[in-house]
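Trainee: Please pick one part of this model and take me through it closely. I would like to start from a single residue and work outwards.

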Amino acid sequence: MGYETLNGSDFKISFARPDGSRGKKQIDVYAEDGETALVIECKSRSDRGRRSLQKDIQETISLQQYFRDSINRRFSGKPRPKIVWIYVTNNILWSTPDIERADAHDIKVITENELQYFETFVKHMGPAGKYQILGEFLRGQKVAGLADVKLPAIKGRIGGETFYSFVTTPRNLLKIAFINHQALNHPDGRPAYQRMISSSRIKEIGSFIAAGGFFPTNILVNLSDSPHFDFISNKENTDPNLKFGWLTLPSKYRSAWIIDGQHRLYGFSHLDDKYLDQSLFVLAFEKMAVQKEADLFITINHKQKSVPKGLLVSLLADIRMGDSDPSTALSALGSAVVRALNTDKTSPLSRRFAIHGVPAEPNQNLTISEVVNGLRRSGLIGRLSGKLVAPGPLSGATDEDTIERASVVLNAYFEQVRAANPPRWEAGREAFVGVNPGVRAHLSVIAEVVTYLTHKKSLDFALMRPEEFSQHIIGFCKPIYEFIGHSSDEVIKDKFSRKFGEGGVKEYAYHLMHILKSAHPEFGTEEFLRWVDQSNSEKIDEVNQFLMKLAERLTDYVIDTLKRVHGTHRLASDEQAFWEIGVESERIRRNAFEAQQNDKARRKPKEAYLNIVDLAEIVKQNNNWPHFEYVFKNALPGERSGQKYYLAWIQDFKELRNIAAHKNQLKTYTDADLELVEWLRTEVHPKLPS
């Protein structure tokens with residue numbers, strides 16, 4: 001960051017007390033330049049968990065004024081520095097009282113979450129990254145040396161927004177510029193739409209500038225405060241839309257939010273001081289609304305580089321809250337809830353989400369888009385109902401109330417999951433608990449528990465305070481926490497590994513619900529109870545085997561009959577007769593060929609890649625039907641009479657065969673399905689040749 005004054009080892013600040021006595025206090029990190037001083041305490045745990053910092057913070061508070069006096073004496077005869085008090089922590093989940101205590105005395109808190117972003121940013125940016133970080137800690141405070149910077153400018157309006165067009169220098173703009181990256185995602189209501197800066201592009205641009213290059217295009221910014229503008233008073237300054245005058249740049253940290261041009265600006269970061277007085281063209285909007293600012297960024301960039309899905313979902317919280325489209329509004333609300341969980345230093349889900357542009361740590365394996373999807377499917381924060389969003393049990397009177405209410409309940413629930421076995425929770429993918437399917441499954445379980453307790457205990461969760469809501473859910477789900485806490489790694493892996501896709505999430509949730517059922521025998525949906533019955537059923541295993549064997553026998557029968565009727569000799573096309581004459585559909589032949597080519601492991605003849613529905617189209621060809629009518633013409637019970645083919649049963653059979661083939665994805669048979677299996681046994685199976 002370019003701080004030339006830094007402490008060495010065993011550094012202590014000396015101070016004088018009002019009674020004349022003197023004291024010393026060791027400080028982990030001290031840094032100063034001509035404008036700022038950083039006083040940093042570092043606290044860490046060997047493993048991630050709770051730790052009270054009340055005593056440490058209280059000691060810092062009691063010494064702040066003494067330190068301030070001592071530091072100011074070093075700046076005798078110069079402007080006093082802005083002092084930033086910081087606690088940097090690792091593996092510590094903060095308590096709410098400690099957060100409030102630090103905030104009340106202007107002590108900034110950096111967890112490994114923010115530190116990860118700052119380190120990545122400065123690694124890419126170099127010394128100019130200092131002002132980005134100071135902007136976090138000194139927002140709204142004056143930047144020394146900028147108060148008298150006046151620039152000739154044009155003031156006008158475009159698209160309903162006031163703008164200023166002017167030329168300034170990197171030296172001036174870097175001090176007040178700020179980029180709200182998705183990687184930091186500070187929960188202060190500003191749009192966090194920028195991707196992490198690219199170090200390779202920064203270096204390329206720096207080399208371009210050093211070689212004499214320049215940019216004739218505007219850097220686009222949004223001024224968070226109204227700047228001072230003095231009109232030039234002359235008879236020619238009469239245009240109603242444009243005015244000439246003198247603009248005084250804002251002299252506050254974090255007052256110029258970069259909308260477009262971050263790489264052009266920070267391309268000067270690694271260059272010598274002499275380059276910092278070059279000219280930059282700037283177009284600055286005055287206090288543009290948050291959503292409009294983010295929309296403008298997307299409009300400018302959407303054709304340049306695709307924005308990753310995870311970033312788009314996270315952006316919804318900034319630019320689509322309260323959207324007129326109910327589905328978009330619900331996703332935006334879910335995105336805002338996930339952001340609140342991720343940025344809350346007291347949350348068990350803090351720092352667990354992968355952030356675009358920052359290398360992820362092993363336990364940062366959750367994705368925002370997946371958990372937003374889980375919130376939507378659970379219905380906890382609302383559910384689509386026609387053109388409206390029907391409220392869920394975690395919904396509040398406003399979106400802000402919903403975010404707060406959901407945060408309290410979900411933090412309380414997942415804190416129990418974490419506390420049950422902290423190493424297992426922190427291990428991420430390796431332990432199968434703190435993973436996307438797991439978090440989504442827990443959200444489903446919470447929703448099912450709410451439904452069960454509503455009907456069985458007549459509880460009205462919508463009217464409960466979030467703390468009471470949490471206690472009911474936590475008390476009911478205690479068997480889950482005990483299972484996670486005490487089961488062996490082998491048992492956890494057996495229950496919860498290899499769960500992918502929507503079917504995997506459902507299976508994960510059913511395993512959790514099965515744990516609850518041991519303590520609450522009446523708990524569970526009809527579909528879940530059917531899964532329990534069929535999970536270990538010998539009868540179901542036999543049904544699966546029958547359906548798979550029937551599919552195989554039907555396919556073999558069709559191929560053998562085509563070969564017998566049309567022959568296997570080669571035609572002029574070099575295709576065998578049974579394939580060209582017996583399979584007229586170009587679509588079926590093309591699909592079979594493509595499937596054959598894609599099968600790199602055990603490539604079989606083309607006809608082996610026919611599917612069940614293909615058989616129906618093949619057998620009812622005019623030249624084929626007489627040879628297949630006896631086996632395939634089977635009217636389902638209640639089916640309308642007088643039809644030629646009666647092949648509707650094949651589509652139903654296909655669905656049953658898919659259940660048999662994908663049992664690991666949690667597909668189960670209904671009573672109607674099992675009745676159809678018996679019909680196949682008696683009506684279709686006996687007609688096939690032995």
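Mentor: At 12% relative accessibility, Glu161 counts as buried (buried is under 20% relative accessible area, exposed is over 50%, and partly exposed lies in between, with a 1.4 Å probe and protein chains only). The model is predicted, so local features need pLDDT of at least 70 and side-chain atom pairs count only at pLDDT 80 or more, while totals for chains, interfaces and linings use all residues. Residues are numbered from 1 along each chain as its sequence is written, and side-chain values use heavy atoms, with hydrogens and water left out.

Leaving aside residues up to four places away in sequence, Glu161 touches Gly156, Phe285, Glu286, Met288 and Lys292 (a contact means heavy atoms within 4.5 Å). Glu161 belongs to strand β9 (strands are DSSP runs of E, at least two residues, and helices are runs of H or I, at least four, numbered from the N terminus).

Now the neighbouring strand. β9 covers residues 161-168 and is joined by six bridges to β15, residues 280-286. The two run antiparallel. Within this pair, Ser165 stands opposite Leu283 in β15.

Next comes the whole sheet. Eight strands form an open sheet with mixed pairing, in the order β10-β14-β11-β15-β9-β8-β13-β12 (two strands pair if DSSP finds at least two bridges between them). β10 (177-178) and β12 (228-231) stand at the edges with a single partner strand each, so one side of each has no neighbour in the sheet. In the order of the sheet, β9 sits between β15 and β8, while β13 sits between β8 and β12.

β13 spans residues 242-248 and contains Phe244. At 42% relative accessibility, Phe244 counts as partly exposed, whereas Glu161 counts as buried. Phe244 also joins Ile232 and Trp246 in a nonpolar surface patch of about 270 Å². Patches are made of residues with over 30% relative accessible area and no salt bridge; like charges are joined within 9 Å, and nonpolar side chains (Val, Leu, Ile, Met, Phe, Trp, Tyr) within 5 Å. A salt bridge is a side-chain nitrogen of Lys or Arg within 4 Å of a carboxyl oxygen of Asp or Glu. Accessible areas come from the Shrake-Rupley method with a 1.4 Å probe, and for residues only the protein chains shown count as cover.

To retrace the route: Glu161 lies in β9, β9 is bridged to β15, and both are among the eight strands of the sheet.
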